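Me: I am new to this structure. Can we walk through it in short questions and answers?

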Amino acid sequence: MSFILSKQAGLEPEFIAPNSFIPEKKAYIMPSCHGQGSLYKEYYELLKQRVYDGATLYVSNADAFFTEYKDFFGFRITRTEHKSDLKGTFMLDGTVIPYAYGQRRLIEPVTAKVLAADSEGNPLLLENAYGSGKVVFLNYPIEEQMLDIAYAFNEKRHMIYRNIFKGVIDSKRVVAANDFAIVVENKNTVTVVNVSDKEIDPLFTFNGAKVDKVYYGDLNKIQPCDAVVFTLAE
């Protein structure tokens with residue numbers, strides 16, 4: 001689910017095996033975390049260093065326990081409700097996004113900025129500066145919950161990723177504003193897939209890049225479950 005949300009948002013995600021060396025990237029995603037041992041300490045410290053050096057880390061939490069909530073995430077947990085049926089929607093940059101809890105953590109911000117809250121005012125999405133970078137915490141496991149939701153990708157959940165990683169996404173050479181246009185870059189070859197059942201305009205933005213040749217399809221009109229393939233000029 002996290003991979004598809006990333007592609008909808010405009011990211012180019014790569015997978016890292018659990019407790020493996022963490023390469024230098026601008027963005028990191030830890031979706032729907034569980035348990036008391038999500039990462040070995042050495043990798044947790046390395047991830048924190050990557051953030052301190054300027055990266056953005058996104059964490060969505062199911063029931064994982066992390067150390068240094070105050071110093072790293074910028075908040076305190078005042079109480080944990082191990083079962084909560086509270087659900088609803090919140091607004092993020094003008095977009096309505098649904099939320100639902102399993103385990104609900106009641107949060108008191110310290111240095112973190114609250115980006116969204118639930119219907120009772122408890123923080124759902126928080127952002128905290130850490131060194132030159134930032135860490136963003138989502139207080140429910142959105143990716144895991146989507147496994148049981150029909151048409152889950154039609155409800156703008158990817159806008160959380162797009163909001164968090166806006167700087168990374170907007171710096172790409174090819175950006176498609178349409179939610180159902182999935183961009184895949186392979187060097188100078190770009191494939192854009194329409195993952196919907198309707199014809200779409202991908203709404204391209206080219207940052208310092210120009211289209212060289214279209215090999216398949218139409219740049220302004222992609223048929224349902226079809227694609228456009230083109231190259232960028234050197």
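Me: Which residue in the turn between strand 7 and strand 8 has a positive phi?
Reply: This is a predicted model. Strand 7, residues 113-117, pairs with strand 8 in the antiparallel sense over 4 bridges. The two form a hairpin with 5 residues between them, and the turn residue with a positive phi, about 90°, is G121.

Me: Which residue of strand 8 does K113 stand opposite?
Reply: Strand 7 and strand 8 are antiparallel partners. Across from K113, in strand 8, is E127.

Me: How many bridges join strand 8 to strand 9?
Reply: Strand 8 also pairs with strand 9, and the two run antiparallel. One bridge partner pair is A129 with K134 in strand 9. The number of bridges joining these strands is 6.

Me: Which residue takes a positive phi in the hairpin of strand 8 and strand 9?
Reply: This hairpin has 2 residues between the strands. The phi in question is near 65°, and the residue is G131.

Me: Is strand 8 mostly covered or mostly exposed, and how confident is the predictor there?
Reply: Buried means under 20% relative accessible area. In strand 8, 6 of the 8 residues are buried, so by that cut-off the strand is mostly covered. Across the protein the mean pLDDT is 93. Confidence is lowest in helix 6, at a mean of 90, and highest in strand 8, at 98.

Me: Which residues touch the most other members of the largest nonpolar core?
Reply: The core has 25 residues. Those touching the most other members are Y58, F90, Y140 and I160.

Me: Which element gives the largest share of this core?
Reply: Several elements each supply at least two residues, including helix 1, strand 4, strand 8 and helix 5. The largest share is 4 residues, and the element is helix 5.

Me: What does Y58 contact beyond its neighbours within four places in sequence, and which of these touch the most other core members?
Reply: Its contacts include Y28, I29, M30, V136, L138 and F165. I160 is also in contact with Y58. Of these residues, the one listed with Y58 as touching the most other core members is I160.

Me: How many residues are in the other core?
Reply: Another core lies apart from the largest one. Among its members are I22, A64, Y69 and F73, and its count is 24.

Me: Which residues of helix 1 are buried?
Reply: Helix 1 is mostly covered, with 6 of its 8 residues buried. The cover includes strand 1, helix 4, helix 5, helix 6 and strand 11. Just after the helix, G10 takes a positive phi of about 110°. The buried residues are S2, L5, S6, K7, Q8 and A9.

Me: Which strands stand at the edges of the open sheet?
Reply: The sheet has 4 strands in the order 11-12-15-14, with antiparallel pairing. Two strands have a single partner each, so one side of each is left without a neighbour in the sheet. They are strand 11 and strand 14.

Me: Which residue stands opposite V190 in strand 15?
Reply: Strand 12 and strand 15 pair in the antiparallel sense over 5 bridges. Opposite V190 is F230.

Me: Is E42 buried or exposed?
Reply: E42 is found in helix 2, residues 41-52. Its relative accessible area is 56%. Exposed means over 50%, so E42 is exposed.

Definitions and conventions: Residues numbered from 1 in each chain as written. Predicted model: local features only at pLDDT ≥ 70, side-chain atom pairs only at ≥ 80, totals over all residues. Heavy atoms only, no water. Core = buried A, V, L, I, M, F, W, Y, C linked by side-chain atoms within 4.5 Å. Buried < 20%, exposed > 50% of the residue type's maximum accessible area, 1.4 Å probe, protein only. Contact = heavy atoms within 4.5 Å. pLDDT = per-residue confidence, 0-100. Pairing = 2+ DSSP bridges.
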